[in-house]
Amino acid sequence: MTGATLTCDVVVIGLGPAGASAARAAAKAGARVIGLDKRVRPGEPVQCAEFVPLSLSSEVDRLADLAVQPIEAMATFTEGDGPRRDPLPGWIVDRARFDRTLVERAAAAGVDCRFAAPVGTVDVDGVSLSDGTRVVAPVIVGADGPRSAVGRAIGSVNRILSHTRQITVPLLVPHLATDIFLSKTMPGGYGWLFPKGGVANLGLGVDAPARGFLRVLLEGLRAGLVREGRIGWDVLATTGGLIPAGGLLPPVGRLGTRDVLLAGDACGLTNPVTGAGIASAVISGRMAGEAAAARIAGDASAPADYADELSDLFGSALARAARRRAELVAACAANRAGPAELERAWIAFEDYWTAPLDDVEEPTTSGVAA
Ligand SMILES: Cc1cc2nc3c(=O)[nH]c(=O)nc-3n(C[C@H](O)[C@H](O)[C@H](O)COP(=O)(O)OP(=O)(O)OC[C@H]3O[C@@H](n4cnc5c(N)ncnc54)[C@H](O)[C@@H]3O)c2cc1C
C-alpha cells in the first residue's frame, strides 16, 4: 500500500470493541468505511480481565457464544476482610475471540478492515499510515484506545490513567464471582481475581505514581491466594495496560474540513473506579458509527448530537467515579485511607453512591504519559 491514497466516507482508527462497533454501524447505515488497526490480529495480545455484564447481550448478538464461563456475583474484600457479596450477572469472555468476532461482523457489513496498519499522523490532510499510505475521508472516528492519536489531534487527551499488571494462573477451586481486593496499598485502584474456567485472571491497578509497586503487590496477592489453596503457583501469561481514569473527554472536534468523533477509551469512557470499559466501548462505538453515517448523509448536527447523547448516557456516572477515585488517591497520599475511605470509593458500598463528593484536587500529574 506504500504511498497510495485511499478514499472513503469514514475512516475508523482502531478496531477494538469501540472501533469494530463504529465501523459496522457506519457501514450498515450505508457509508463506505475503512478500518485500520496496528495490531497484526484482532484483540491480540489480550490486555483485559475479560468480564462483561449480562446487559451487553442487547448490543452484541450471541454474546454467550463468546463466553468462557458465567459470573453471578461480585465478592469484595476490604483489607482482607469479607467478602461482601453482591449480585453481578455477566460473563467472562474470551477477549481475543470477542474482538475478532466484532471485526468479522464489521467486515460482513462491508467494512474494509486492515490490520498491521499503524496510523502515524492524523491532521487536516487526513490520516497517514507509517508506510506512507494516506487515507482521506470527511469523517474520522478515533477508537484507538487510552493513548489515542486521534484524540491528541483534537486536544482530547487522557491525562489521568491507572496502570495495571495481570497474570493468568491455574484456578484450583471453581468460582462464579469476580473477587475484588481493596487495600490502601493500591492507591486509586484494586486487585482482582476473575475466574475463567480452569484458570483465572489475577491482576491489579494503581494510580501512576505507585506503578513501580505493581509487581511486588501482585506477588503478595498471588502468594496469599496460593496459601489459601485457591490458585496454583504457575504463571501462564502476563499482561497489563493503561486504563483512562479521568472521566469523559470532549468526544468530537474538527480537523480542517473533517469531522472527528472519538469512542471508547479514546474519549475516557472506561469507569475510573472499576476499570470496566468494554460495554461503553461497544455502545459508544455503535453510536459514533451511526453519527458518522448520518454526517455523511448530510446531517451537520450529528457529531454534536453524538456528544450530547454520550454525556447524557455516561457523563454523571463517570464524573462520580473520577471524583471517588481522586478522593481515594488523596486519602492514600495523606496516609488516612482506612476501610471507610476504601469502601466509599467502591461501587458495592452505599457510601459510594450517597456520601457527599469531596472537593479534592484532581491528581493532575499522576497519569501523565510515562
Ligand atoms: C488489565 C486490564 C483489564 C481490564 N479488564 C476489563 C474487564 O474485565 N472488563 C471491562 O469491561 N473492561 C476491562 N478493561 C478495559 C477494557 O479493556 C477497555 O475499556 C476496552 O478495551 C476499550 O475498548 P476500545 O475499543 O476503546 O480500545 P482498545 O480495546 O484499546 O482498542 C484500541 C485499538 O486501537 C488500536 N490502535 C491504537 N493506536 C493505533 C494506531 N496509532 N494505529 C492503528 N491502530 C491503533 C489498538 O491496536 C487497539 O486494537 C481492562 C483494561 C485493562 C488494561
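This report covers the overall fold, two helices and the ligand shell of a predicted model.

**Overall fold**

The protein chain holds 8 helices and 18 strands. Its radius of gyration is 20 Å, close to the 21 Å that the globule rule gives for 370 residues, so the chain is as compact as a globular protein of that length. The C-alpha trace spans about 60 × 45 × 35 Å along its principal axes. Of the 370 residues, 53% are buried. Among contacts with a separation of 6 or more, 73% join residues 24 or more positions apart.

**Two helices compared with their expected spans**

Helix 1 and helix 6 can be set against a rise of 1.5 Å a residue.

| Helix | Residues | Length | Expected span | Distance between end C-alpha atoms |
|---|---|---|---|---|
| Helix 1 | 17–28 | 12 residues | 16 Å | 16 Å |
| Helix 6 | 302–333 | 32 residues | 46 Å | 43 Å |

For helix 1, the end-to-end distance agrees with the expected span. For helix 6, the distance also agrees.

**Helix 1**

How many of the 12 residues of helix 1 are buried? The count is 11, so helix 1 is largely enclosed by the rest of the structure. The buried residues include Pro17, Gly19, Ser21 and Arg24. Several alanines are buried too, among them Ala18, Ala20, Ala22 and Ala23. Ala25, Ala26 and Ala27 are also buried.

What covers these buried residues? The cover includes three strands: strand 2 (10–13), strand 3 (33–36) and strand 11 (139–142). It also includes helix 2 (95–108) and helix 5 (278–296). Just after helix 1, Gly30 takes a positive phi of about 105°.

**Helix 6**

Helix 6 is bent. The bend is about 50° and falls at Phe314. Just after helix 6, Asn335 has a positive phi of about 60°.

**The ligand shell**

There are 39 residues around the ligand. Which of them come nearest? They are Gly14, Gly16, Gly241, Gly264 and Gly277. Two helices, helix 1 and helix 5, each give two or more residues to the shell. Strand 4 (51–53), strand 12 (161–170) and strand 16 (237–244) do so as well. By class, the shell has 19 nonpolar, 14 polar and 6 charged residues.

Helix 1 and helix 5 thus appear twice in this account. Both give residues to the ligand shell, and helix 5 is among the elements that cover the buried residues of helix 1.

Methods:
Residues are numbered from 1 along each chain as its sequence is written. This is a predicted model: local features need pLDDT of at least 70, side-chain atom pairs count only at pLDDT 80 or more; totals for chains, interfaces and linings use all residues. Helices (H or I, at least four residues) and strands (E, at least two) are DSSP runs, numbered from the N terminus. The radius of gyration is taken over C-alpha atoms; the globule rule is 2.2 Å times the number of residues to the power 0.38. A residue is buried if 20 or more other C-beta atoms lie within 10 Å of its own, exposed if 12 or fewer, and partly exposed in between; C-beta atoms are placed from the backbone. Two residues are in contact if their C-beta atoms, placed from the backbone, lie within 7 Å. The expected span of a helix is 1.5 Å times one less than its number of residues. The bend at a residue is the angle between axes fitted to the seven residues ending there and the seven starting there. A residue is near a molecule or strand if its C-beta atom, placed from the backbone, lies within 6 Å of it. Ala, Val, Leu, Ile, Met, Phe, Trp, Tyr, Cys and Pro count as nonpolar, Asp, Glu, Lys and Arg as charged, and the others, Gly among them, as polar.
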